[in-house]
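Subject: Structure handover

Dear colleague,

Please find below the structure I promised to pass on, together with its sequence. My notes on what was found in it follow underneath, and I would be glad if you read them with the coordinates open.

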There are 2 protein chains.
Amino acid sequence: MTTDTATDYARRIARVREVVAERDLDGLLILGPANRRYLSGYTAADGAIGESAGMVLVTRDRAALIVNPLYTDQANAEAAELEVVELRGRSKKLLPEKLKEWGVRRLGFERNYTLYGFYEDLHENIEDGGTLVPVKGIVEEMRIRKSDAELETMRRAGKIADDAYSRVTAALRPGMTERQVARALDEAMEELGAEGPSFPTIVAAGANAARPHHEPGDTPINAGDPVVIDMGARYEGYCSDMTRSFCLGSADERYQEIYDLVLRAHDAAKEFVRAGVSGKDADAVARDLLTGAGYEQEFSHSLGHGVGMDVHEQPSLHKESESTLDTGMVVSIEPGIYISGWGGVRIEDTVVVTAGGYESLNHAAKGPVL
Amino acid sequence: MTTDTATDYARRIARVREVVAERDLDGLLILGPANRRYLSGYTAADGAIGESAGMVLVTRDRAALIVNPLYTDQANAEAAELEVVELRGRSKKLLPEKLKEWGVRRLGFERNYTLYGFYEDLHENIEDGGTLVPVKGIVEEMRIRKSDAELETMRRAGKIADDAYSRVTAALRPGMTERQVARALDEAMEELGAEGPSFPTIVAAGANAARPHHEPGDTPINAGDPVVIDMGARYEGYCSDMTRSFCLGSADERYQEIYDLVLRAHDAAKEFVRAGVSGKDADAVARDLLTGAGYEQEFSHSLGHGVGMDVHEQPSLHKESESTLDTGMVVSIEPGIYISGWGGVRIEDTVVVTAGGYESLNHAAKGPVL
């Protein structure tokens with residue numbers, strides 16, 4: 001981690017502590033993986049659902065990273081600004097004991113990252129007089145505006161995706177499978193310095209391109225097929241997110257028409273973006289254009305989302321969004337059209353919101369033909 | 001999916017419906033990804049925390065797969081035995097409407113797969129008179145004993161990991177990095193027919209081997225280094241899980257001694273396994289042996305866990321386990337010793353519990369020297 005310094009972690013923890021005091025809590029328990037890394041520098045990833053790699057507990061006078069013995073060595077090596085606490089045994093018994101020892105009676109917990117079962121276990125085992133308070137967005141709100149150092153890291157994450165895309169698509173030939181292309185993209189991103197992909201790389205060919213979240217399989221990419229590639233790199237904890245669509249070799253008239261329409265919606269929404277506009281209005285710019293052309297149902301997702309340590313974070317850009325864009329926010333702009341049995345087109349750049357507009361973090365060539 | 005047939009899904013849903021009736025519920029909402037796939041054949045993976053690829057709702061007279069438009073096409077293609085319901089918009093508003101329409105007043109939800117925030121939103125938006133009932137283990141208990149067809153699939157998942165391990169370690173040379181070896185293992189498993197790894201492949205060299213869940217990085221594997229490789233394949237939805245430990249080229253006396261001890265614990269626990277023994281006693285067989293040799297603290301995790309559609313599932317094999325092993329259960333046996341700054345040794349086979357003992361699903365060569 002070169003992006004975040006000891007000073008950053010200390011400042012962030014101090015800010016959480018202010019919120020803890022403002023909300024009349026004795027502590028806040030942080031289970032969200034990106035929030036945990038943002039506050040500590042600890043990079044371990046959670047396993048499956050319910051298999052947490054650790055939690056950060058910020059109280060009025062302590063900041064601890066609480067882990068089980070699987071993670072103690074890594075926690076000690078990475079989370080230098082926090083006290084590492086190892087719990088050997090069932091955390092539903094041991095965590096309440098620690099809370100009692102530390103005098104934490106009113107404990108905030110992250111509603112959007114805490115399983116109901118974890119809450120219920122803690123609730124049943126906590127000392128009389130202990131209260132659990134669901135909270136949301138405390139650390140996420142701190143992460144929404146990126147510092148100059150964070151933006152510099154995100155530029156590199158964007159460039160890694162750009163360069164990997166250019167390298168792999170230059171070698172793309174008819175007959176290669178979705179999976180082969182996805183694997184080549186992942187390898188190229190790692191060779192270019194990524195920790196890994198920021199989400200499972202999507203390569204969708206032919207009718208599969210109608211599935212926005214298609215998982216690459218053994219479908220070959222044939223000449224003339226619609227193809228959607230959605231990819232991003234994770235670099236020093238920060239994500240990039242970019243989508244390109246094309247036909248291989250040549251595109252027929254229908255593809256060309258749909259592609260041009262999605263590109264117009266993409267460009268129009270991007271040109272609309274600047275500090276002060278709402279996520280709802282940005283969404284409407286693209287949605288009205290696609291709806292006007294008869295594709296209301298086929299644009300079946302949001303215009304975009306914030307990007308940072310999570311590939312999907314605040315602010316939101318959709319029909320019911322309550323976000324207002326501001327300088328230093330980073331958002332994806334990704335209108336799309338999906339037609340079952342035919343395929344789809346999505347075009348996505350991730351951009352930094354500026355006072356007068358935006359700075360794109362993606363520069364890879366666009367279609368409609370590769 | 002060749003393992004599970006339409007009849008399997010119908011039978012499983014009928015069983016869930018029995019439990020729904022027994023518990024006086026009107027329906028059960030299933031959010032666990034493996035539970036969802038087990039009941040429907042729908043293979044989509046969830047995104048990050050809170051980004052569900054869908055939920056199964058089983059009521060007294062319906063079985064539905066509820067998805068957002070990102071997944072409708074895939075859901076229709078895969079979940080042939082279920083009614084696919086698409087929710088366009090915020091599920092916290094739309095799901096309560098659907099529950100009302102379907103007459104579901106007492107709704108069970110999976111406490112171990114449902115986020116507190118999801119519960120809270122649903123609770124706030126549900127009709128007066130609607131009740132949410134946290135439940136656990138309903139579908140997991142159905143999955144705990146594997147059918148012959150499931151076991152046959154798991155044998156193949158085990159063999160894919162075995163063969164990939166043999167292929168990649170045959171080509172392992174000093175100076176290759178953890179990451180290169182992990183990537184080679186993932187590629188070999190896919191070439192051998194895996195959907196992908198069943199969890200992020202662990203390759204830990206040198207002092208990194210002291211971290212049971214180490215993520216492979218740029219550390220080179222040097223001659224004489226302790227190395228731990230923990231890997232598994234996902235094949236038709238079922239997981240394998242295997243760990244091997246070795247030194248490259250030659251092992252010093254200390255490594256040899258620790259390796260032999262872990263292998264003895266591994267073998268002793270495996271020989272103890274059969275239908276009727278408890279997970280707690282199986283754990284004790286290995287733990288007592290390592291504790292007796294002075295490594296109580298260094299064996300810092302459970303002896304093992306169930307393996308199936310999840311790589312970690314029921315039954316449990318640890319100090320406080322309440323599981324009793326039975327025929328058709330599949331469990332990992334993985335004692336280990338970890339010493340900060342030095343490295344570690346873990347040896348794991350996954351085995352099927354039989355009436356008189358076990359059948360191992362792993363046959364890859366063991367160390368201590370590669």
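**Overall build of chain A**

Chain A contains 10 helices and 19 strands. Please keep in mind throughout that this is a predicted model, and that every value in this message was computed from it.

Taking the general dimensions to begin with, the C-alpha trace of chain A spans about 70 × 40 × 35 Å along its principal axes. The radius of gyration of chain A is 22 Å, which agrees with the value near 21 Å that a compact globule of 370 residues would have. Of those 370 residues, 52% count as buried. As for the contacts within chain A, if one takes those between residues at least 6 apart in sequence, 68% of them join residues that are at least 24 apart.

**The two domains**

Chain A is divided into domain 1, which covers 6-143, and domain 2, which covers 148-360, and the C-alpha centres of these two domains lie 33 Å apart. The contact between them takes six residues from domain 1 of chain A and six residues from domain 2 of chain A. On the side of domain 1 that touches domain 2, helix 2 (33-40) and helix 6 (138-143) of chain A each supply at least two residues, and the largest share, three residues, comes from helix 2 of chain A. Sorted by class, that side of domain 1 of chain A has two nonpolar, one polar and three charged residues.

**The two chains together**

How many residues does each chain give to the contact between chain A and chain B? The contact takes 38 residues from chain A and 38 residues from chain B. On the side of chain A that touches chain B, helix 3 (72-78), helix 5 (116-125) and helix 8 (178-191) of chain A each supply at least two residues, and the largest share, four residues, comes from helix 5 of chain A. By class, this side of chain A has 15 nonpolar, 11 polar and 12 charged residues. You may want an area as well as these residue counts, since the size of an interface is often given as the accessible area lost when the parts come together.

Turning to the relation between the copies, chain A can be laid on chain B with an RMSD of 0.0 Å by a turn of 180° and a shift of 0.0 Å along the axis. The two copies are therefore related as by a two-fold rotation axis. The same surface serves both copies, in that 100% of the contact residues of chain A recur in chain B.

**Strands 13 and 14**

One local element that I would like to point out is the hairpin formed by strand 13 and strand 14 of chain A, which has six residues between the two strands. Strand 13 (residues 304-306) and strand 14 of chain A run antiparallel and are joined by three bridges, and within this pairing A:H305 stands opposite A:S316 of strand 14. Strand 14 of chain A covers residues 313-317, and four of its five residues are buried, so this strand is largely enclosed by the rest of the structure.

The corresponding stretch of chain B has a backbone feature to record, for a cis peptide bond joins B:Q314 and B:P315, with omega of about 0°, and B:P315 lies in strand 14 (residues 313-317) of chain B.

**Further backbone details**

Another cis peptide bond joins A:G367 and A:P368, where omega is about 15°; A:P368 is found in the segment after strand 19 (358-360) of chain A.

There is also a residue whose phi angle deserves a note in each chain. A:E236 has a positive phi of about 45° although it is not a glycine, and A:E236 is found in the loop between strand 10 (233-235) and strand 11 (238-239) of chain A. Is this loop residue buried or exposed? A:E236 counts as buried because it has 20 C-beta neighbours inside 10 Å, and a residue is taken as buried if 20 or more such atoms lie within 10 Å.

In chain B, B:E236 likewise has a positive phi of about 45° without being a glycine, and B:E236 is found in the loop between strand 10 (233-235) and strand 11 (238-239) of chain B. With 20 C-beta neighbours inside 10 Å, B:E236 counts as buried too.

With best regards

Definitions and conventions
Residues are numbered from 1 along each chain as its sequence is written. Chains are lettered from A and ligands numbered from 1 in the order in which they are written. This is a predicted model: local features need pLDDT of at least 70, side-chain atom pairs count only at pLDDT 80 or more; totals for chains, interfaces and linings use all residues. A residue is buried if 20 or more other C-beta atoms lie within 10 Å of its own, exposed if 12 or fewer, and partly exposed in between; C-beta atoms are placed from the backbone. Two strands pair if DSSP finds at least two bridges between them. Domain bounds come from an automatic or database domain assignment. Two residues are in contact if their C-beta atoms, placed from the backbone, lie within 7 Å. Ala, Val, Leu, Ile, Met, Phe, Trp, Tyr, Cys and Pro count as nonpolar, Asp, Glu, Lys and Arg as charged, and the others, Gly among them, as polar. The radius of gyration is taken over C-alpha atoms; the globule rule is 2.2 Å times the number of residues to the power 0.38. Copies are superposed by least squares on the C-alpha atoms of residues with pLDDT of at least 70 in both.
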